[in-house]
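The following exercises are to be worked with the sequence and the coordinates at hand. Each task is followed by a solution in steps.

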Amino acid sequence: MSSLILPGRRRGLREKFTRLHWPLIILLTMIAGAGVITLYSVAEGNWQPWAMRHGMRFGVALAILVAIGLVPVRFWMTLAYPIYFVALAALVATPFIGEIHMGARRWIELGGIQFQPSEAMKIGLVLGLARYYHGLRADQVSHLLYLIPPILMIGAPIGLIFIQPDLGTSLLLGATGVVMVFVAGLSWRLGMLGIFGAVAAGYGAYRFELLKPYQIERILTFLNPDRDPLGQGYHLLQSKIALGSGGLDGKGFMEGTQSQLKFLPEMQTDFIFTIFGEEFGFVGAMVLLLLYLAVILIGLSIAMASKLHFARMAVIGVVVTFSLYVLINTGMVMGLAPVVGVPLPLVSYGGTVMLTIMAGFGFVMSAHVHKDQDMMRSSELL
Amino acid sequence: MVGMNAHDPERQETVSRRTFLFGGGISFLFAGIATRLYQLQISDHEKYLDLAQENQFNRRILTPLRGEIIDRFGNVLASNRKNFRVLLIPEQARDVDQALDRVSKIFPVSIEKRARIMREIRRRGTFTPIEIEDNLSWDEFSKINFDLPHLGGVLPDVGETRDYPFGEASAFVIGYVGAVTERDLAVQETDEQRVLLRQPGFKVGRDGLERTYEDELRGEAGEMDVKINAHGRVIEELTDDATPPEQGKTLALTIDAELQAKATEILAVPGDRMPDEPQSAAAVVMDTVTGDILVMASTPAFNPNDFNVGINPDLWRSLNDSPYKPLLNKPISGVYPPGSTFKVLSAIAAQESGVSPKQTARCNGRVWYGNRYFHCWKRGGHGTVDMKGALKHSCDVYFYEIAKTLDVDVLANVARKFGLGQTFEIGVSGQQRGVIPDRAWKRQYFAGQPENQPWFQGETLSVIIGQGYVTSTPLQLAVMTARVASGRAVRPRLVRAVGDIVLPAPDAPLIDINHDYLKAVRAGMNAVTNEYGTAARSRLEDPKWQLAGKTGTSQVYQITAADRERGLAEPEDLPWARRDHALFVCYMPYENPRYACSVVVEHGIGGSRAAGPKAREIMRAVAEKDPASRPTIDPNSLAQRRGTGVRAG
């Protein structure tokens with residue numbers, strides 16, 4: 001390990017601590033704080049069952065973030081492929097040893113700890129792709145031959161998650177992968193071709209009944225919410241009513257009538273933005289959105305400041321995943337995206353997603369702390 | 001190679017450019033989200049605020065209790081009882097089929113019922129609660145309540161349903177209530193009324209007083225806003241702004257429920273010679289002073305309690321098909337030739353035409369008139385009879401002799417003065433007018449047949465003994481008797497008070513006729529029962545309640561010579577529907593009349609045999625109780641009863 005760091009350039013832990021991106025940590029904490037107060041409100045003014053655990057989980061996740069951030073980013077680069085393949089192996093194993101929750105086989109249990117391989121894959125794919133593009137020249141990025149590995153790397157987990165079935169996660173992974181490939185420098189011509197192919201694939205999936213009826217239902221309902229006001233569209237309509245009735249400054253903390261009267265489903269997870277928006281209004285919701293945007297832009301600035309290509313790509317991957325979460329979730333509760341079951345990062349209740357996000361930002365932090373690492377040494381290293 | 005890549009500035013530049021582009025794209029999408037947020041929360045805020053209010057607050061109609069119907073002494077004839085029922089709010093159930101499946105684990109929900117529920121959902125929309133089942137047992141009801149968390153959209157409810165403690169005995173007077181139809185909704189004047197009528201399980205009067213006094217009995221709906229959650233469960237009742245419902249007005253009748261029940265019982269007692277034959281009969285008892293109808297009974301009857309919960313089709317069919325017409329309100333809707341009871345009026349008309357009561361006629365059993373014989377009921381005749389004797393023995397020939405010169409218009413005029421050929425304002429629909437024939441009537445009746453239009457004197461011979469064209473209802477016969485007894489144009493009534501407003505007894509002016517004529521008739525009626533006349537068996541022994549009456553047997557089918565040849569001699573040999581009707585009218589006490597009664601037993605064969613004894617028993621019960629001498633219920637105490645929702649035991 002010591003060979004990773006040149007003598008004399010080794011930084012003390014204390015010094016590294018000061019180099020942590022504290023504004024980012026504070027922003028993340030504020031977002032999680034919004035989650036805690038909203039969960040407190042959803043539980044009708046109780047710390048149980050969600051708010052307290054959400055806060056504690058964030059504490060643990062923050063510690064993990066810092067821990068990952070203090071480890072040199074090049075260490076993570078060496079682990080990138082192993083992480084990707086372990087996650088892939090777990091996904092392959094899931095259909096055989098996984099637990100069925102709510103009709104889908106998504107969880108596996110290892111040593112008493114339950115985890116979702118699909119969540120691990122969100123990190124695995126980002127690291128794997130970043131590692132792959134680290135090894136490519138600019139002119140190779142758009143070369144068809146060099147495009148085959150990333151397509152396989154993205155396609156394999158998507159296919160495995162899709163059959164679980166989990167449409168939301170597979171779409172999210174696919175989108176993350178595609179954006180990473182694009183940012184890595186894929187030519188516009190190929191990009192367009194890819195989009196066309198994706199649309200064709202989507203149509204094929206529909207045509208050959210690869211989608212579960214409820215998934216088709218969701219998409220159709222999204223396309224026309226008035227189609228079925230009591231079924232899928234009902235939730236969306238209730239969500240819009242709750243948000244819209246919140247108005248400029250909201251109904252006040254714990255005063256959200258629609259949420260308190262349980263007109264909304266999944267209030268503590270997928271529809272939590274609605275409750276926040278109902279109680280804190282347009283002003284509150286905009287503040288939350290700006291916090292997210294700030295995190296994203298800070299992430300991108302860290303990416304651009306990184307000298308290591310792996311770090312750049314990994315940070316971008318994390319930020320892309322994070323952005324997609326925020327956009328899909330907020331879009332979904334406002335009727336701009338189909339209701340696919342994507343949580344609002346750090347605000348929605350749920351340990352696994354929080355861990356994934358915070359671990360992801362751990363890599364961002366690592367890239368930031370070690371942004372000045374000499375490129376030459378990376379060549380010595382490998 | 002790796003090292004070379006690490007220094008690739010072109011690659012770094014590309015990534016930076018694309019990252020910038022990505023950042024711009026993300027910001028753009030965030031702007032899109034913000035725009036949408038602005039649209040929802042600022043532009044369309046009002047609209048969603050309204051929808052939220054709609055979600056959250058629900059205006060509940062508070063159904064009023066239907067007014068009670070009580071008899072003259074406060075006995076309850078119609079009231080309300082608790083009805084445990086289960087409603088379904090389709091909008092909240094989401095999946096109606098599934099909800100019904102779950103409910104059917106507690107009590108059966110038939111396919112027909114499901115079909116009806118689906119129909120109602122289509123008709124009333126998904127927001128209106130729809131009744132799944134009513135009149136549940138407490139056991140079923142509590143199970144539903146217990147399972148409620150799993151029964152989305154299912155709403156247990158305690159409603160009210162109509163209860164008729166006297167059942168069949170009061171069926172025709174009270175009528176019954178039934179489910180609201182489209183036509184009921186169409187005739188409502190205000191939207192409020194329509195909303196009230198759309199409440200699940202709401203019933204409106206379908207027949208009898210329930211229908212006539214629908215507006216008074218219905219009451220005023222109340223309103224209350226309730227705060228509900230997404231499952232339709234009431235979180236809070238906003239009672240401050242609520243208007244409580246107002247129970248419908250109490251209807252106090254002139255009926256004496258006990259006597260009504262007793263009379264119904266007496267009517268149903270089978271005749272001595274035909275114990276298996278159901279008695280299709282009617283009885284009316286009236287106060288000869290006030291016109292109060294104390295008894296208006298009809299047998300056989302239906303049970304109104306079977307109707308207000310939705311009658312089962314088999315029962316309905318059997319009621320409809322029965323030859324004894326259990327759905328016919330015989331006292332007012334049954335028309336019968338009055339037969340010899342009509343002679344009471346014939347005797348008055350005779351005197352009006354100058355016949356003295358002392359004048360006699362000789363009866364040898366038949367009279368030749370026109371081209372045929374007119375027979376007296378008594379073969380061999382009565383010998384010489386005067387008016388009193390003619391009434392006492394119901395001699396037909398005596399009246400035939402009078403009829404030879406009597407102007408039918410005079411007879412008809414008398415009949416109308418005494419209440420025949422007309423209907424009365426008693427609040428129960430379905431009254432028949434009957435027929436009192438005169439020249440004008442015949443002209444009109446045979447409008448298309450000029451050869452039949454002139455009145456033939458021979459027809460007067462039939463009419464004078466209450467046969468031929470003349471028909472009447474038991475109520476009319478009771479009115480006739482009351483008027484003969486009192487000399488006043490007494491008018492019958494059924495309703496004494498509506499709410500706390502006591503209706504005055506209708507005025508009963510003296511009848512415009514020489515009242516000496518009436519004395520002769522009354523003496524004849526007295527002789528019928530008390531001087532070994534045709535209804536000597538119907539005499540009341542108590543001198544305080546001396547009963548005067550008149551029998552009547554109206555021919556339904558004339559036994560022909562051919563019938564006799566076939567060995568058909570006795571009326572019992574005829575099929576039921578061809579036998580004569582038995583009638584009896586009477587009043588008491590003879591000296592100072594207070595009660596008048598009429599009884600008709602359809603196809604009862606003989607007035608003295610079938611109708612008289614029933615009338616006597618009814619009058620005996622009336623005499624024992626003497627309801628006219630007892631104070632009726634105080635209208636102020638009626639006011640107190642209202643709103644308390646008193647239940648019949």
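**Exercise 1. Backbone outliers in chain B**

Is B:S394 buried or exposed? Establish also its backbone setting, and compare B:Y532.

*Solution.* The model is a predicted one.

Step 1. B:S394 sits in the loop that connects helix 18 (387-393) to helix 19 (396-403) of chain B. Its phi is positive, about 55°, although the residue is not a glycine.

Step 2. Most residues other than glycine have a negative phi, and most peptide bonds are trans.

Step 3. The relative accessibility of B:S394 is 3%. Buried means under 20%, so B:S394 counts as buried.

Step 4. B:Y532, likewise not a glycine, has a positive phi of about 55°. The loop between helix 24 (515-530) and strand 19 (548-554) of chain B holds B:Y532. With a relative accessible area of 72%, B:Y532 is exposed, because the limit for that class is over 50%.

**Exercise 2. Cis peptide bonds**

Locate the cis peptide bonds that precede B:P300 and B:P589.

*Solution.*

Step 1. B:T299 and B:P300 are joined by a cis bond with omega about -15°. B:P300 belongs to the loop between strand 12 (293-299) and helix 14 (304-307) of chain B.

Step 2. From B:M588 to B:P589 the bond is also cis, with omega near -15°. Here the loop runs between strand 20 (581-588) and strand 21 (595-601) of chain B.

**Exercise 3. Nonpolar cores**

Which residues have the most contacts inside the largest nonpolar core?

*Solution.*

Step 1. The largest nonpolar core comprises 125 residues, and A:F310 and A:F361 have the most contacts inside it. Helix 13 (residues 272-305) of chain A gives the largest share of this core, 18 residues.

Step 2. Beyond its neighbours within four places in sequence, A:F310 contacts several residues, among them A:V73, A:W76, A:M77 and A:L127. The list also includes A:R131 and A:H134.

Step 3. A second, separate core has 97 residues, including B:L420, B:V470, B:V585 and B:V600.

**Exercise 4. The interface of chain B and chain A**

Describe the contact between the two chains and its make-up.

*Solution.*

Step 1. On the side of chain B, 47 residues are in contact with 65 residues of chain A. The buried area is about 4,800 Å², of which carbon and sulfur atoms give 71%. In chain B, the residues that lose the most area to chain A are B:R11, B:R18 and B:F30, together 15% of what that side buries.

Step 2. No salt bridges are found across the interface, whereas eleven residue pairs are in polar contact.

Step 3. Helix 2 of chain B contributes 25 residues, the largest share of the side that touches chain A. By class, that side has 24 nonpolar, 15 polar and eight charged residues.

**Exercise 5. A salt bridge between distant parts of chain B**

How many residues apart are B:E214 and B:R66, and which network includes them?

*Solution.*

Step 1. In the salt bridge of B:E214 with B:R66, the closest N and O atoms are 2.9 Å apart.

Step 2. The partners are 148 residues apart, B:E214 in helix 12 (residues 214-218) and B:R66 in the loop between strand 1 (57-62) and strand 2 (69-70) of chain B. Both B:E214 and B:R66 are buried.

Step 3. A network of salt bridges links B:R66, B:R162, B:E210, B:E214 and B:R218. Over all chains, the structure holds 37 salt bridges.

Key: Residues are numbered from 1 along each chain as its sequence is written. Chains are lettered from A and ligands numbered from 1 in the order in which they are written. This is a predicted model: local features need pLDDT of at least 70, side-chain atom pairs count only at pLDDT 80 or more; totals for chains, interfaces and linings use all residues. Side-chain values use heavy atoms; hydrogens and water are left out. A nonpolar core is a set of buried Ala, Val, Leu, Ile, Met, Phe, Trp, Tyr and Cys residues joined through side-chain atoms within 4.5 Å. Buried means under 20% relative accessible area, exposed over 50%, partly exposed in between (1.4 Å probe, protein chains only). Helices (H or I, at least four residues) and strands (E, at least two) are DSSP runs, numbered from the N terminus. Contact means heavy atoms within 4.5 Å. Buried area is the accessible area (1.4 Å probe) that two parts lose on being put together, summed over both. A salt bridge is a side-chain nitrogen of Lys or Arg within 4 Å of a carboxyl oxygen of Asp or Glu. A polar contact is a pair of N or O atoms within 3.5 Å; within protein, one must be able to donate a hydrogen and the other to accept it, and residues adjacent in sequence count only if both atoms are side-chain atoms. Ala, Val, Leu, Ile, Met, Phe, Trp, Tyr, Cys and Pro count as nonpolar, Asp, Glu, Lys and Arg as charged, and the others, Gly among them, as polar.
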